[in-house]
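This briefing sets out selected features of the structure shown below, grouped by topic for reference at the bench.

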Amino acid sequence: MSKEALLKLENKELTLPVIVSSENERAVDIRALRKETGYITYDEGYGNTGSCQSSITFVDGENGILRYRGYPIEQLAENSDFVETAYLIIYGELPTKEQRKKFRELLSEHAFIHERMVYLFENYPRDAHPMAILGAMMSALGCYYPTLATNDSKLDLENFDDAAATALSKIRTIAAMTYRMSRGLPIIYPKRDLGYCENFLHMMFSEPYDLYECPPIVAKALNMILLLHADHEQNCSTSTVRMVASSGANLFASAAAGICALWGPLHGGANMAVIKMLTDIHESGDDGSKFIEAAKTGKARLMGFGHRVYKNFDPRAKIIGRLADQLLDALGIDDPLLDIARKLADTALKEDYFIERKLYPNVDFYSGIIMRAIGIPLNMFTVMFAIGRMPGWIANWHEVASNPKGRIYRPRQIYTGPTTRDYVPIDQRG
Ligand code: CMC
């Protein structure tokens with residue numbers, strides 16, 4: 001296969017190298033384009049643009065494949081847990097027993113937040129959105145742990161292990177404290193002897209006078225939800241993290257920007273939209289049939305269906321759908337929303353409208369049902385996504401910060417405003 005592309009522009013011919021990825025994806029390398037021809041490319045939404053070379057996550061949307069560092073998501077979901085998978089994503093290899101033990105200890109050590117940060121919670125309005133608080137508190141970590149956030153890449157990389165453990169461990173503490181404060185409940189501090197997910201649920205649901213006992217199936221379900229969200233290559237929030245990191249900004253500032261990007265309904269907010277949709281269907285007395293008809297005529301959108309990249313089953317949705325059944329059975333919960341979700345999925349997968357457009361359930365279709373069953377409130381769903389995505393943000397920050405040839409991300413634009421004109425004094429305007 002040719003390793004070059006030939007571009008003819010006006011009367012000039014330019015030979016452009018072709019880059020082939022380790023999974024055989026091909027890209028035309030246009031880095032010399034503007035210098036050689038004066039042209040730039042136009043790709044609003046970046047649907048055809050490789051913004052970086054990365055060795056973290058591989059997605060093949062046509063074939064429904066997702067791999068972290070080469071390991072299929074199905075194998076990780078079956079055999080691993082969130083902390084081990086986070087280590088894999090951040091450091092590139094599955095940990096040895098010793099490495100895993102040390103990583104868990106580091107996460108325990110960094111689980112507490114600076115006591116003065118706890119006072120910050122008191123100043124947010126009681127009804128503030130948890131994602132607004134999470135973004136602000138992630139950024140504030142740079143104030144309270146300044147030695148981990150110097151914006152000197154060399155120094156920040158030397159302290160990377162502590163910064164990564166701080167971000168990964170404290171995001172969970174901050175999330176739980178946000179929930180407690182919003183409910184007017186006393187803050188529950190993390191416990192050293194609990195696993196990552198058990199500790200989060202303890203900080204959410206224990207009371208000073210009554211410890212929460214976590215059923216193993218609940219810890220398993222939460223582990224799975226976080227693991228399945230741990231990275232997803234160059235999505236909106238992750239490319240935002242890389243963009244900010246490219247200026248030399250520290251990990252906490254970059255991750256805070258990722259949290260802001262995730263908040264939007266087209267990205268991390270979709271898991272809430274699914275539950276709202278299922279609730280509306282249930283309250284209207286529909287079993288899902290009328291809703292499918294409305295979706296087919298463009299009058300409604302089947303939330304939790306369709307994906308920009310997956311044109312086949314989202315592999316995460318298959319795993320999460322099975323988990324929803326297991327969890328609700330084990331907890332003896334009869335959730336009418338799960339019945340409606342199943343009916344919607346079964347019907348939609350047989351309908352030409354969805355088949356022709358290659359619309360399949362995505363990760364958000366069942367994740368909300370699981371979070372509801374665990375007791376996570378609706379306005380915390382996107383926060384859960386952020387906790388899960390943290391390993392991916394950390395790994396992507398590291399890839400940018402440690403690239404010796406890295407350049408600041410600075411796209412061009414096609415300017416469509418007025419051409420030059422003279423300043424008009426105010427009394428002559430109108
Ligand atoms: N229900 C009904 N029709 C749909 C849906 C849907 N969920 N998704 C796409 N379509 C139709 C759309 O109307 C269009 O039809 P036509 O060709 O007749 O105009 C066609 O399918 C192509 O859709 P599109 O909007 O061009 O696709 P996109 O790649 O721009 O959008 C999407 C992808 C995920 C935003 C979209 O499928 C959607 O809005 N889904 C519902 C929201 C959702 O579940 N989002 C979570 C995504 S996964 C989490 C993450 O990675 O952040």
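In the hairpin of β1 and β2, 2 residues lie between the strands, and E10 takes a positive phi near 50°. The model is a predicted one. The points below begin with the sheet to which this hairpin belongs, then turn to a further hairpin, two helix pairs and the ligand shell.

**The sheet β1-β2-β3**

- An open sheet is formed by 3 strands, in the order β1-β2-β3, with antiparallel pairing.
- The edges are occupied by β1 (4-9) and β3 (26-28); each has a single partner strand, so one side of each is left without a neighbour in the sheet.
- Direction ignored, neighbouring strands of this sheet are turned by 30° against each other on average.
- The antiparallel pairing of β1 with strand β2 (residues 12-20) extends over 6 bridges.
- Among the bridge partners, E4 is matched with P17 in β2, and L7 is matched with L14 in β2.
- Strand β1 lies largely in the open, because the number of buried residues among its 6 is 0.
- In general, the strands of a sheet pair through backbone hydrogen bonds, in either a parallel or an antiparallel manner.

**The hairpin of β4 and β5**

- Strands β4 and β5 (residues 65-68) run antiparallel and are joined by 4 bridges.
- Between β4 and β5 there are 4 residues, and G64 in the turn of this hairpin has a positive phi of about 65°.
- T57 stands opposite Y68 in β5.
- Side chains alternate along strand β4 (residues 57-60): T57 and V59 are buried and point to one face, whereas F58 and D60 point to the other face and are not buried.

**Helices α9 and α10**

- The axes of helix α9 (residues 196-205) and helix α10 (residues 216-228) cross at roughly 105° and come within 9 Å.
- With this crossing angle, α9 is roughly perpendicular to α10.
- On the α9 side the contact is made by C197, E198 and L201, and on the α10 side by V218, A219, L222 and N223.
- The residues of this contact between α9 and α10 comprise 5 nonpolar, 1 polar and 1 charged.

**Helices α16 and α18, and residue L338**

- Helices α16 and α18 (residues 364-374) pack at an angle of about 170°, and their axes are 10 Å apart.
- With this packing angle, α16 is roughly antiparallel to α18.
- From α16, L337, L338, A341 and A345 meet F365, Y366 and I369 of α18.
- The residues of the contact of α16 with α18 comprise 7 nonpolar, no polar and no charged.
- L338 is placed in helix α16 (residues 336-348).
- L338 counts as buried because it has 21 C-beta neighbours inside 10 Å, the threshold being 20 or more.
- Neighbours within four places in sequence aside, L338 is in contact with A324, L328 and I369.
- The C-alpha atoms of L338 and I369 are 6.7 Å apart in space, while the two residues are 31 residues apart in sequence.

**The ligand shell**

- There are 18 residues around the ligand, of which A270, L302, F305, G306 and R308 come nearest.
- By character, the residues of the shell divide into 8 nonpolar, 6 polar and 4 charged.

Technical notes
Residues numbered from 1 in each chain as written. Predicted model: local features only at pLDDT ≥ 70, side-chain atom pairs only at ≥ 80, totals over all residues. Near = placed C-beta within 6 Å. Nonpolar A, V, L, I, M, F, W, Y, C, P; charged D, E, K, R; others polar. Buried ≥ 20, exposed ≤ 12 C-beta atoms within 10 Å, placed from the backbone. Contact = placed C-beta atoms within 7 Å. Pairing = 2+ DSSP bridges. Axes fitted to C-alpha atoms, helices over the stretch in contact; angles between N-to-C directions. Parallel < 35°, antiparallel > 145°, perpendicular 65-115°, else oblique.
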